[in-house]
Amino acid sequence: MKIPKEIKNIIEKLNKTGFEAFIVGGCVRDILRSKKPNDWDITTNAKPEEIQKIFPKSFIENEFGTVTILTESEDETLKEIEITPYRIESEYSDLRHPDKIEWAKTLEEDLKRRDFTVNAMAMEIKDRKYKVIDLFGGLKDLKNKIIKAVGNPDERFKEDALRLMRAIRFVVTLDNLPCFEWEIEERTKTAIKENAHLLEKISNERIRDELVKILMSKNGARGIEILRRYGLLKYIIPELEEGFGMGQNKHHIYQVYEHMLLSLNYACQKDFPLLVKIAALLHDIGKPRTKQGEGPNCTFYNHEVVGAEMTKKILERLKFPKKDIEKVVKLVRYHLFYYNKDEVSESSVRRLLRNVGPENFDDLLKVRQADRIGSGVPKAEPFRLRYLRYVAEKVLQDPISVKMLKVNGNDVMKILNLKPGPKVGQVLDILLGYVLNDPSKNDRNFLENEIKKLGQLSDTEISQLAQNARIEREKIEQKRDEMTKQKYWIS
């Protein structure tokens, strides 16, 4: 992959001033995979104050000595380039941040503090030639798609316990394809399991951010299952494990946890929005606490109500934004709507739309699709769901009525000096016919002039014009309904 000129210029300036400088970390990994890095990092043996002398347009906003260089690039990923001096970190009392940072003298000292071998490579640029510095076998692990801790995995995880989740995140996101190619090296895997309890020391905000990255990948469901198998899930969403191994009734072929995972998998494969994925994962979270009886006739009455309350507590614990919590709670609470054709009336659909919110209706149907596929049925959206969509769109459409006009009955009575009566409605029906044929005519001045013209006609003529207008309106309504039916393949 071509290295951007902004990166080359920074490294060249550091080199000309007598300092070493290398591209480092995840961006090297991405370059070697022919992927565009999301951000660029450079490491150097220059100290922060020396870096800032070379690059006046820069700032420092952290205690790690990282200097952010401002460029004039139009590429968002290159507007700010981070340069970090070689450093050695020691003592991680909070299992997240080093208690002490010292500037290192060599690149090797800096690289060996990094998390995984695929992230611990550097790239040298000299005389337009690129050289990869790989001290810990990162190239081999990259080729074999292995996540392996640098050095002693136990030490790496005790330095920063969030790396426990990061290892799994990399496994499911590096290729972001519906495949299972990346794996975790055995010693690293063992260390994750043995240190899983350290996740308790990490802030819920940090855990949430890693969880979101896992869920956003096509392998999100695999990520959740790895979290469970490695003993991490119970420190993130322990409520999910309540459904592990729990059978359901005759209407389900999968256990509760397995069903939720399969529902999430469908949502991930379809690239549904994040909040839909979360709702798909949690939609049956209330089943274990509402289960009555065993075997094919067991029940889960009100599991959607209990599940909505549990979802609220889970997302609050993980510090999700209030607005996001409210939406996911609604999706979980109302995911169990009826949609057999004989149960779908305009009034029932209006109630559902009122409860979940019209803006959330499409996402609610996505959750139900995930629920269906997660139950083992072949079709995500059968005729019944399409019919529900049709009815919902029908009731959400603006009704064709005289209320659309920029004038009303009072205007008609005032202009024509009429008392309340059928003639007022007839005039409005005629005006509506004009507007339906040409929406630009819905102008107050135009309509007032037309009212005056209509006032010069006989009652019989107005009655006939009004009847013709109503017939035309019915044709428009019928055509609109037919188009809506065609949209959802409803005959």
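1. The side chains of H283 and D284 form a polar contact at 3.3 Å. This distance is computed from a predicted model. A second polar atom pair involves the same histidine: the backbone oxygen of A280 is 2.7 Å from a polar atom of the H283 side chain.

2. As to its place in the fold, H283 sits in the loop that links α13 (274-282) to α14 (287-290). Despite this loop position, H283 has a relative accessible area of 0% and is therefore buried, the cut-off for that class being under 20%.

3. The surroundings of H283 deserve a separate remark. Apart from neighbours within four places in sequence, H283 contacts H259, M260, S263, H303, V332, H335, V367 and D371. Three histidines, H259, H303 and H335, are thus listed as contacts of H283, together with the acidic residue D371.

4. R156 belongs to helix α6, which covers residues 153-159. Its relative accessibility is 8%, so R156 is classed as buried.

5. With residues up to four places away in sequence set aside, R156 touches K112, R113, R114, D115, A149, V150, G151 and R163. The list includes the basic residues K112, R113, R114 and R163, as well as the acidic D115.

6. Turning to the cysteines, the model contains zero disulfides. C27 is buried, at a relative accessible area of 2%. C268 is likewise buried, with a value of 0%.

Notes: Residues numbered from 1 in each chain as written. Predicted model: local features only at pLDDT ≥ 70, side-chain atom pairs only at ≥ 80, totals over all residues. Heavy atoms only, no water. Disulfide = S-S within 2.5 Å. Buried < 20%, exposed > 50% of the residue type's maximum accessible area, 1.4 Å probe, protein only. Helix = DSSP H or I, 4+ residues; strand = E, 2+ residues; numbered from the N terminus. Polar contact = N/O pair within 3.5 Å; in protein donor to acceptor, adjacent residues only side chain to side chain. Contact = heavy atoms within 4.5 Å.
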